[in-house]
Amino acid sequence: SEDDTCSSDDSDSSLSASRRVKKLKLKKTKFSKLKVRGKISSIEAFERREMEKKAITYQVSSTKSTGTSTIRALSLAEVDVILAQDGSPTSNDIPHHQMTRHWVRRSARQPCQSAIHTPSVQSLIKKVKANGSDMVILKLKKYLSDPDTPCVVIDAMLDALESNTNCQALYIQNFNEGMCDNQILHLLRVLQNPKCHIWCLNIGENYKIKLRTWEAFTNGLKQTKITHMYISEHTISAAMKDKIRDIIRQNRRKHKMHVDPENLDVIIQCTHCWWNPINAQLLQPYLQRCGYDHLLLDKVAQGIKGTITD
């Protein structure tokens with residue numbers, strides 16, 4: 001009857017509302033814990049983190065079900081659709097004032113937050129955003145020597161890189177505490193920005209990244225300018241390493257920064273890759289002319305382990 005139908009609809013609606021409230025409570029608790037640990041610094045970062053995790057699951061499951069790689073990055077609207085499909089709150093469902101009121105403990109300490117405001121970190125952020133001349137080859141260990149540098153600091157660096165246009169080589173290795181799944185995906189967004197000029201990347205010795213995140217990162221490399229890179233072999237499979245090498249070889253057709261004689265002063269500093277750009281056959285005459293040919297025999301300077309192969 002019509003009354004039974006209405007009663008059933010009301011029951012379904014009540015159940016749906018109950019589930020949504022439960023998910024909101026779980027989400028608030030998770031945000032509170034992550035903020036206390038210094039893993040995130042704002043509501044926006046938390047929302048982005050949750051959406052990116054959904055996006056990874058969607059991309060990897062899509063790849064496995066269709067047998068083809070998902071290359072295009074998901075937009076915010078597409079992520080919202082995915083969240084809505086499984087009943088999760090989307091970015092528009094939770095007003096900002098509701099997310100921040102009454103559920104973060106006033107006594108909670110955030111020891112990692114202060115790291116962002118240190119003079120050295122703030123100085124680096126300003127240099128990156130201002131395209132400082134010493135940011136062309138950006139070796140973060142030179143500025144952030146602590147291997148336990150927290151996620152919030154790495155996030156701040158990646159945020160700054162989003163507006164940078166002069167960095168060509170990024171060394172962001174050995175940040176085992178600060179470089180996690182969300183930071184790898186954030187880095188991928190930076191690299192996929194058309195204004196980004198990074199073509200050399202070292203992200204070795206980062207061990208807290210899940211395999212499915214590396215899979216998403218690998219697929220996303222097709223939309224970057226990366227032509228030379230290094231990832232620790234024991235963090236990925238041999239098959240994934242081969243796939244990455246194939247992708248970055250294809251990327252070498254996109255631009256000439258890695259073989260441009262006018263860019264030689266930068267190229268000779270791009271070392272510690274699986275295959276260093278200084279070994280390109282096209283560059284050999286210019287290396288000799290400029291007195292750089294001795295670098296080809298300096299395995300320590302190039303960071304070579306064994307024989308160079310490509």
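Helices in this tour are DSSP runs of H or I with at least four residues, strands are E runs of at least two, and both are numbered from the N terminus. Before selecting anything, note that this is a predicted model: local features need pLDDT of at least 70, side-chain atom pairs count only at pLDDT 80 or more, and totals for chains, interfaces and linings use all residues. Residues are numbered from 1 along each chain as its sequence is written, and side-chain values use heavy atoms, with hydrogens and water left out.

**The whole chain**

Start with everything shown as a cartoon. The secondary structure comes to 12 helices and four strands. Of the 310 residues, 45% count as buried, where buried means under 20% relative accessible area, exposed over 50%, and partly exposed in between (1.4 Å probe, protein chains only). Take the contacts (heavy atoms within 4.5 Å) with a separation of 6 or more: residues 24 or more positions apart account for 73% of them.

**The sheet**

Now select the strands. They form an open sheet of four in the order β1-β2-β3-β4, with parallel pairing; two strands pair if DSSP finds at least two bridges between them. At the edges you will find β1 (137-139) and β4 (228-230), each pairing on one side only. Neighbouring strands of the sheet are turned by 5° against each other on average, direction ignored. For that angle and those to come, axes are lines fitted to C-alpha atoms, for helices over the stretch in contact, and angles run from 0 to 180 degrees between N-to-C directions.

Zoom in on β1 and add residues 169-171, which are β2: three bridges join these two parallel strands. Show Lys139 as sticks, and Tyr171 of β2 is the residue standing opposite.

**Helix α7 and its two neighbours**

Next, select residues 181-192, helix α7. The 12 residues of α7 should span 16 Å at 1.5 Å a residue, and the end C-alpha atoms are 17 Å apart, which agrees; the expected span is 1.5 Å times one less than the number of residues. Is α7 mostly covered or exposed? Mostly covered, as 11 of its 12 residues are buried. Among them are Asp181, Asn182, Ile184, His186 and Leu191.

Add α6 (residues 151-161), which packs against α7 at an angle of about 10°, with the axes 9 Å apart. The two helices are therefore roughly parallel to each other, the term for angles under 35 degrees (over 145 is roughly antiparallel, 65 to 115 roughly perpendicular, and the rest oblique). To see the contact, show Cys151, Ile154, Asp155, Leu158, Asp159 and Leu161 of α6 with Gln183, His186, Leu187 and Val190 of α7.

Then bring in α8 (211-220). The axes of α7 and α8 come within 10 Å and cross at roughly 5°, so these helices are also roughly parallel. Here Asp181, Ile184, Leu185, Leu187, Leu188, Leu191 and Gln192 in α7 meet Thr213, Trp214, Ala216, Phe217 and Gly220 in α8.

**Helix α9**

Keep α8 on screen and select residues 238-251. This is α9, with 14 residues, reaching 20 Å from its first C-alpha to its last, close to the 20 Å expected. Colour its buried residues: Met240, Lys241, Ile244, Arg245, Ile247, Ile248 and Asn251. They cover an arc of only 165° around the axis, so they sit on the same side of α9; the arc is that of the directions from the helix axis to the C-beta atoms. What covers them includes α8 and β4. Turn to the face away from the buried side to find the exposed residues Ala238 and Ala239.

**Three residues to finish**

Select Lys129, in helix α5 (residues 119-129). Lys129 is partly exposed, with a relative accessible area of 48%. Leaving aside neighbours within four places in sequence, Lys129 is in contact with Ala160 and Ser163. Draw a distance from its C-alpha to that of Asn166, 37 residues apart along the chain, and the separation is 9.7 Å.

Move on to Asn131, in the loop between α5 and β1. Its phi is near 55°, a positive value in a residue other than glycine, and Asn131 is partly exposed at 27% relative accessible area.

The last stop is His272, in the loop between α10 (264-267) and α11 (284-289). Phi of His272 is near 55°, again positive in a residue other than glycine, and this residue is partly exposed, with a relative accessible area of 36%.
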